Amino acid sequence: MEGRLQGLARRVEAVALVAAGALALLFHLTLPSKLPGEPDFEAAAAAVAQEKQPGDVVLLHPWWTERARLFMPDGVPVVGFLGSDRAELETAPRIWVLSQPDLPRAGASSFWDAFRPGRAPLGEERRFGTLRLSLHRNGRFRPTLFSAAESIARARAYVESSPGVKKADCAPDPGGFSCPGGAARVQVVWREVHFEPRRCVSMYPPGGDDRLVVEFPDGAPAGDRLSLEAGVVWEWAAYTDPRLRPVRAGVEGARGEALAQVSIAPAQERWQRDARPRAEAGPLKLWLSAVVPDNRETCVDLRIQGPAAGGGS
């Protein structure tokens, strides 16, 4: 009896292996018919190039269909990263969705469920082979009235031993500042936080109780909202070293009043955000601190924004 059961199990295993092989072969044979050709990408890119407007972006679906980046016109950012289905894309008034819904595990339904709220189609979907191109008004768009990254040339930087007590000035260098000792510095660069690349003010904290400060003495305009986002970059965000302590970032006004503040705990990989109403213009002071500065480079995105296009908060 036991021998017959073992023989049956071996036959079932063999059938399962043959079936899996057949399915894998079928997948590879049918995959080329689901992939767009170079002329399809070129036609989609030509449509974007002909109708593009300032601020437009192209959003990839699925996010990993990276080949499209080779064809899209200059000046139109291409967005595709793990989680980009839910990206707010607040700086883009219009979004081109370049979709390949026939690909295995494309998850078209879940993509559109995440994308549609606050967005409205502009015209009909266009087809280029297996590519689908559609244009949408982004109701989540907020005009940027001030960006710390774009204003770094008008800033100054220094290290404080305590709030309001300057310890050392930092020297300007291309794209930022270098501080005495070489540990603390400021750069405007592209960095990645939880898979999302962004051009931001990258800040290296001085350590201990000191704060690295970037001050904008010329001031920033009044707006509908002040938005502070910060995150520890690359794989360092996932570190769980017991020595580490939270990274803290904040924004203060002309009188030293706190306008926004976030705290990034060890192993906290996502962007942390504090967005508050901003009623008046004036100088801003952006600061960062971390008791243990090792591998605590932090990407900071500070903006003054206008009201949302869709009227949202």
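1. A pocket, as the word is used here, is an open set of points on a 1 Å grid over the protein atoms alone, with protein on both sides within 12 Å along at least five of seven lines. The structure under review is a predicted model. In it, the second largest pocket has a volume of about 180 Å³. Strand 17 (258-264), strand 18 (272-277) and strand 19 (282-289) are the elements that give two or more residues to the lining of this second largest pocket. Strand 19 supplies the largest share, three residues.

2. The lining of the second largest pocket consists of 16 residues, and those nearest the pocket centre are Gly253, Glu257, Leu259, Arg278 and Glu280. By class, this lining divides into nine nonpolar, two polar and five charged residues.

3. For the largest pocket, the computed space is about 1,100 Å³. Its lining holds 37 residues, with Leu89, Thr91, Glu196, Pro197 and Arg198 the closest to the centre. Here the residues divide into 15 nonpolar, eight polar and 14 charged.

4. Which strands build the lining of the largest pocket? At least two residues come from each of strand 2 (78-79), strand 12 (185-193), strand 13 (196-204), strand 15 (225-232) and strand 20 (298-305). Strand 13 gives the most, namely four residues.

5. Two of the residues closest to the centre of the largest pocket, Glu196 and Arg198, also belong to a salt-bridge network. Shared partners join Glu196, Arg198, Glu229, Asp301 and Arg303 into one network. The structure as a whole holds 26 salt bridges.

6. Among the individual pairs, Arg273 and Glu90 form a salt bridge in which the closest N and O atoms are 2.9 Å apart. Because Arg273 lies in strand 18 and Glu90 in the loop between strand 2 and strand 3 (94-99), the pair ties together parts that are 183 residues apart in sequence. Arg273 has a relative accessibility of 35% and therefore counts as partly exposed, whereas Glu90, at 14%, is buried.

7. A second pair is Arg142 with Asp224, and its closest N and O atoms are likewise listed at 2.9 Å apart. Arg142 sits in the loop between strand 6 (131-138) and strand 7 (144-147), and Asp224 in the loop between strand 14 (211-220) and strand 15, so this salt bridge ties together parts 82 residues apart in sequence. Is Arg142 buried or exposed? Its relative accessible area is 2%, so Arg142 is buried. Asp224, with a relative accessible area of 37%, is partly exposed.

8. Arg156 forms a salt bridge with Glu215, and the closest N and O atoms in this pair are 3.4 Å apart. The link is again between distant parts of the chain: Arg156 is in strand 8 (residues 156-162) and Glu215 is in strand 14, 59 residues apart. With a relative accessible area of 41%, Arg156 is partly exposed; Glu215, with 15%, is buried.

9. On the surface, Trp63, Trp64, Leu82 and Phe195 make a nonpolar patch of about 380 Å². Phe195 is placed in the loop between strand 12 and strand 13. This residue counts as partly exposed because its relative accessibility is 38%, and buried would require under 20%.

10. Several backbone features merit inspection. His61 and Pro62 are joined by a cis peptide bond with omega of about -10°. Pro62 belongs to the loop between strand 1 (57-61) and strand 2.

11. Trp234 has a positive phi of about 50° although it is not a glycine. The loop between strand 15 and strand 16 (247-252) contains Trp234, which is partly exposed with a relative accessible area of 38%. Ala267, also not a glycine, has a positive phi of about 70°. Ala267 is found in the loop between strand 17 and strand 18 and is partly exposed at 34% relative accessible area.

12. Lastly, Gly118 lies in the loop between helix 3 (108-115) and strand 4 (119-121). Its relative accessible area of 44% makes Gly118 partly exposed. The C-alpha atoms of Gly118 and Arg137 are separated by 8.6 Å, and the two residues are 19 residues apart along the chain.

Definitions and conventions. Residues are numbered from 1 along each chain as its sequence is written. This is a predicted model: local features need pLDDT of at least 70, side-chain atom pairs count only at pLDDT 80 or more; totals for chains, interfaces and linings use all residues. Side-chain values use heavy atoms; hydrogens and water are left out. On a 1 Å grid over the protein atoms alone, a cavity is a set of points where a 1.4 Å probe fits but cannot get out, and a pocket is an open set with protein on both sides within 12 Å along at least five of seven lines; lining residues have an atom within 4 Å of a point. Grid points are joined across faces, edges and corners, and a volume is the space filled by probe spheres set on the points. Ala, Val, Leu, Ile, Met, Phe, Trp, Tyr, Cys and Pro count as nonpolar, Asp, Glu, Lys and Arg as charged, and the others, Gly among them, as polar. Patches are made of residues with over 30% relative accessible area and no salt bridge: like charges are joined within 9 Å, nonpolar side chains (Val, Leu, Ile, Met, Phe, Trp, Tyr) within 5 Å. Accessible areas come from the Shrake-Rupley method with a 1.4 Å probe; for residues, only the protein chains shown count as cover. A salt bridge is a side-chain nitrogen of Lys or Arg within 4 Å of a carboxyl oxygen of Asp or Glu. Buried means under 20% relative accessible area, exposed over 50%, partly exposed in between (1.4 Å probe, protein chains only).
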